[in-house]
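I opened the notebook to look up two things in this model: the empty space left inside the protein, and the surroundings of the ligand. My entries follow in that order.

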Amino acid sequence: MTLIKKKITVIGGGVSGISCALLLQKLGFETEVISKDPLLPSKPNDPKLVSSFPAASVIPHSIEHHNLNTLFRNSLFFFEKLFSENFKGLGKHLHYELFAHKEEVPKYAPLMHKFELLDESSIKNAPSHPSIPTTFGFKSDCFFADWAIYFPDLIDAYLAVGGKVSIKKLCRKDLQFLDSEIIINCTEFGGPELAGEKFDPIISKGHILHINDVPKLKNKFGKTVSYNFVPGFDHYHTENGTILDVYCYSRENRLVLGGSRLTGTLSEHDEWIGEKVTEPSVEVDGVTIPEQILSINQDIIKFTFGIDVRSFPRKQAYAGYRFMGNKEPGLKLETEDAYDRLIIHNYGHGGAGVTVSWGCAFEVASIIFSKLRSSSLDLEKALSVI
Ligand SMILES: Cc1cc2nc3c(=O)[nH]c(=O)nc-3n(C[C@H](O)[C@H](O)[C@H](O)COP(=O)(O)OP(=O)(O)OC[C@H]3O[C@@H](n4cnc5c(N)ncnc54)[C@H](O)[C@@H]3O)c2cc1C
């Protein structure tokens with residue numbers, strides 16, 4: 001591929017920034033990623049630096065965008081391509097979305113591979129809680145990124161094609177001094193400041209619990225299984241009454257448990273202002289998490305798979321902020337002309353930055369192609385380079 005003589009600066013070294021930079025570099029641009037934080041922090045404990053520890057299912061949970069289904073569908077094409085080439089850390093297995101009450105099927109669901117609504121008999125084969133019956137659900141094949149493998153591999157893939165990374169914090173006024181005419185703002189929580197907006201984030205706080213050394217959950221046909229389960233108001237809700245879900249994703253040598261979505265924002269001093277963890281709560285490794293993440297999952301896993309997670313002592317907990325949007329909810333994926341430069345904003349990925357990483361990268365690359373008027377970019381071409 002011939003080099004297109006336009007340098008592109010991608011600000012932000014999380015999954016959005018690296019995916020954009022990798023695709024653009026492979027399309028022939030000269031790119032550089034500038035990130036305020038190291039791409040792989042040694043202690044992933046900053047709740048705002050969410051690419052350090054996502055649960056990393058490829059499902060568009062907790063994200064808003066008018067074109068979400070297109071972003072999701074395009075992302076799936078990229079994940080499928082990477083999966084077919086055995087990209088490290090990327091898995092695909094049977095996933096259930098289960099509910100104790102009747103629900104509407106989300107709009108994205110039919111895009112998932114082998115999507116199927118559960119009927120009375122297939123519900124019996126799904127993971128279940130011993131005393132909270134599932135009355136509604138669907139299953140599909142779903143991609144999951146084993147984060148400790150996938151993300152370092154993504155970074156390596158970028159560096160291997162000549163990508164550059166610098167560690168530096170930039171602010172809005174620095175943009176005019178960058179030696180590139182195209183700038184991509186993938187800084188998530190840093191996004192509003194770089195876009196010249198007042199920082200007024202809408203956040204969905206989440207908790208994750210890794211239980212190490214546990215084997216993968218397998219159904220009676222020997223297939224790996226993951227699930228999300230909404231047990232209903234009586235069993236798990238926020239202090240404002242929002243019904244919550246729990247989940248368990250199978251990884252190579254651990255289970256990733258989770259399930260809290262607490263709405264709030266941050267004070268000027270970065271303190272959490274919003275819903276608190278519902279009682280009861282437990283403390284793991286100094287992180288307070290809703291007890292239901294442990295207890296409801298524990299019961300499902302013991303009842304369905306015969307594994308007692310209580311007997312696995314090595315656990316790590318994380319609390320993280322899903323950035324749902326600034327001032328109002330919604331992913332910002334749009335262009336701005338400022339300082340004689342094309343600036344493309346790509347932030348506010350909520351709980352689905354991994355899920356839409358490739359869809360957003362393709363959208364960013366398409367915008368650049370159309371602005372340069374050198375040629376248009378179609379999906380086939382983008383997939384052929386990745
Ligand atoms: C509990 C929890 C569970 C989740 N589970 C999933 C899931 O199952 N599936 C899924 O798809 N998503 C999930 N997510 C969401 C996902 O983690 C995020 O959407 C995604 O990591 C966002 O990536 P990003 O690259 O856009 O932003 P970030 O990871 O926040 O990266 C931003 C980057 O910008 C840099 N930066 C910031 N400001 C500046 C600045 N001024 N100058 C230079 N650099 C700057 C930072 O250093 C960082 O490198 C989850 C999130 C949470 C909290």
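I searched the whole structure of this predicted model for cavities of 30 Å³ or more and found 1. I noted about 40 Å³ of space in the largest cavity.

I then listed the residues that line the largest cavity, and they are Val 58, Phe 72, Leu 76, Met 112, His 113, Asp 141, Cys 142 and Phe 143. Sorting this lining by class, I got 6 nonpolar residues, 1 polar and 1 charged. When I asked which elements supply at least two residues of the lining, I found helix 2 (68-84) and strand 5 (136-145), and of the elements strand 5 gives the most, with 3 residues.

I turned next to the ligand, which has 37 residues around it, and recorded that Ser 16, Asp 37, Ser 51, Ser 57 and Thr 355 come nearest. By class I counted 14 nonpolar, 16 polar and 7 charged residues in this shell. Helix 1 (15-26), strand 2 (29-35), strand 8 (201-212) and strand 16 (315-326) each supply at least two residues of the shell, and strand 16 gives the most, with 3 residues.

For polar contacts, I noted a backbone N or O atom of Ser 57 at 2.8 Å from a nitrogen atom of the ligand, and a backbone N or O atom of Val 15 at 3.1 Å from an oxygen atom of the ligand. In the side chain of His 349, I found an N or O atom that is 3.2 Å from an oxygen atom of the ligand. Last, I looked up how far the ligand is covered: on its own the ligand has 1,000 Å² of accessible area, and the protein covers 97% of that.

Technical notes. Residues numbered from 1 in each chain as written. Predicted model: local features only at pLDDT ≥ 70, side-chain atom pairs only at ≥ 80, totals over all residues. Heavy atoms only, no water. Near = heavy atom within 4 Å. Polar contact = N/O pair within 3.5 Å; in protein donor to acceptor, adjacent residues only side chain to side chain. Areas by Shrake-Rupley, 256 points an atom, 1.4 Å probe, with all protein chains shown as cover. Helix = DSSP H or I, 4+ residues; strand = E, 2+ residues; numbered from the N terminus. Nonpolar A, V, L, I, M, F, W, Y, C, P; charged D, E, K, R; others polar. 1 Å grid on protein atoms, 1.4 Å probe; cavity = no way out; pocket = protein on both sides within 12 Å on 5 of 7 lines; lining within 4 Å. Points joined across faces, edges and corners; volume = space filled by probe spheres on them.
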